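Reader: Hello! I am new to this one and would love a guided tour. Could you show me what we are talking about?

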Amino acid sequence: MSSLDTPPTEGRPRRLTAHEARQRLEHERASRLTQLRALDEAGREAADQVTVAQKDAVRRVLAEIEAAFARVHDGSYGTCAGCSRPVPAERLEILPYTRFCVACRRHGA
C-alpha cells in the first residue's frame, strides 16, 4: 500500500482549495500545450505513428484537464468518481486532473 492509499492519521485529509486546484491545472494545461506544439513542429518533418500516438495522448490529457476545470467549477473536484470519497491532496498534487483515488483506479473504476 503506497502513501497515497493511506489518509493522514491526524484529522481529516487535507483538501485542495479551488484556487490551488486551478493553479495546478493551469500549469498542467500549459505543459501539455507546449508538448503538443513541439510535437506539431516535429510532426511536420516526420508524421509517423509514434508522433500521432503522442499527440493523441496529449490531447486526451488536455481533455481530462478541461474536465477537471469543470469539476472545480461545479464543486466536485477532489471527490473520487468511483467511491465518492475525497481524493488525497497528495494524489491531486501529482495528478491534478485525476477523477479517481488510487484504490478505485487500481480496480478499474
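Author: Happy to. One term before we start: pLDDT is the predictor's confidence in each residue, from 0 to 100. It is useful here, as this is a predicted model.

Reader: Over which residues does pLDDT stay under 50?

Author: For the protein chain, the mean pLDDT is 85, and 83% of the residues reach 70 or more. One stretch is under 50, and for it the model has 13 contacts beyond four places in sequence. That stretch is residues 1-9.

Reader: Thanks! How many helices and how many strands are there?

Author: Let us walk along the protein chain from the N terminus: the elements run α-α-α-α. The count that goes with this order is 4 helices and 0 strands.

Reader: In which helix is confidence highest?

Author: Let us look at both ends of the range. The lowest confidence is in α1, at a mean of 88. The highest is 95, and it belongs to residues 102-106, helix α4.

Reader: Now the inside. Which helix gives the most to the largest nonpolar core?

Author: In soluble globular proteins, nonpolar side chains tend to be buried together. Here the largest nonpolar core has 17 residues, and L25, I65, Y77, C80 and Y97 have the most contacts inside it. At least two residues each come from α1 (18-45), α2 (49-74) and α3 (89-94). With 5 residues, the one that gives the most is α2.

Reader: Which residues does L25 touch, not counting those up to four places away in sequence?

Author: L25 is among the core residues with the most contacts inside the core. Once residues up to four places away are set aside, L25 touches I65, A68, F69, V72, Y77, P96 and Y97.

Reader: I also noticed T98. Is T98 buried or exposed?

Author: T98 sits in the loop between α3 and α4. Its relative accessible area is 7%. Buried means under 20%, so T98 is buried.

Reader: Which backbone oxygen does the side chain of T98 reach?

Author: First, the surroundings: beyond its neighbours within four places in sequence, T98 is in contact with R71, V87, R91 and L92. The side chain of T98 also reaches a backbone oxygen at 3.1 Å, that of F100.

Reader: Last one: what percentage of the accessible surface belongs to carbon and sulfur atoms?

Author: Of the 109 residues in the protein chain, 32% are buried. The accessible surface of the chain comes to about 7100 Å². The share belonging to carbon and sulfur atoms is 52%.

Terms used:
Residues are numbered from 1 along each chain as its sequence is written. This is a predicted model: local features need pLDDT of at least 70, side-chain atom pairs count only at pLDDT 80 or more; totals for chains, interfaces and linings use all residues. Side-chain values use heavy atoms; hydrogens and water are left out. A nonpolar core is a set of buried Ala, Val, Leu, Ile, Met, Phe, Trp, Tyr and Cys residues joined through side-chain atoms within 4.5 Å. Buried means under 20% relative accessible area, exposed over 50%, partly exposed in between (1.4 Å probe, protein chains only). Contact means heavy atoms within 4.5 Å. Accessible areas come from the Shrake-Rupley method with a 1.4 Å probe; for residues, only the protein chains shown count as cover. A polar contact is a pair of N or O atoms within 3.5 Å; within protein, one must be able to donate a hydrogen and the other to accept it, and residues adjacent in sequence count only if both atoms are side-chain atoms.
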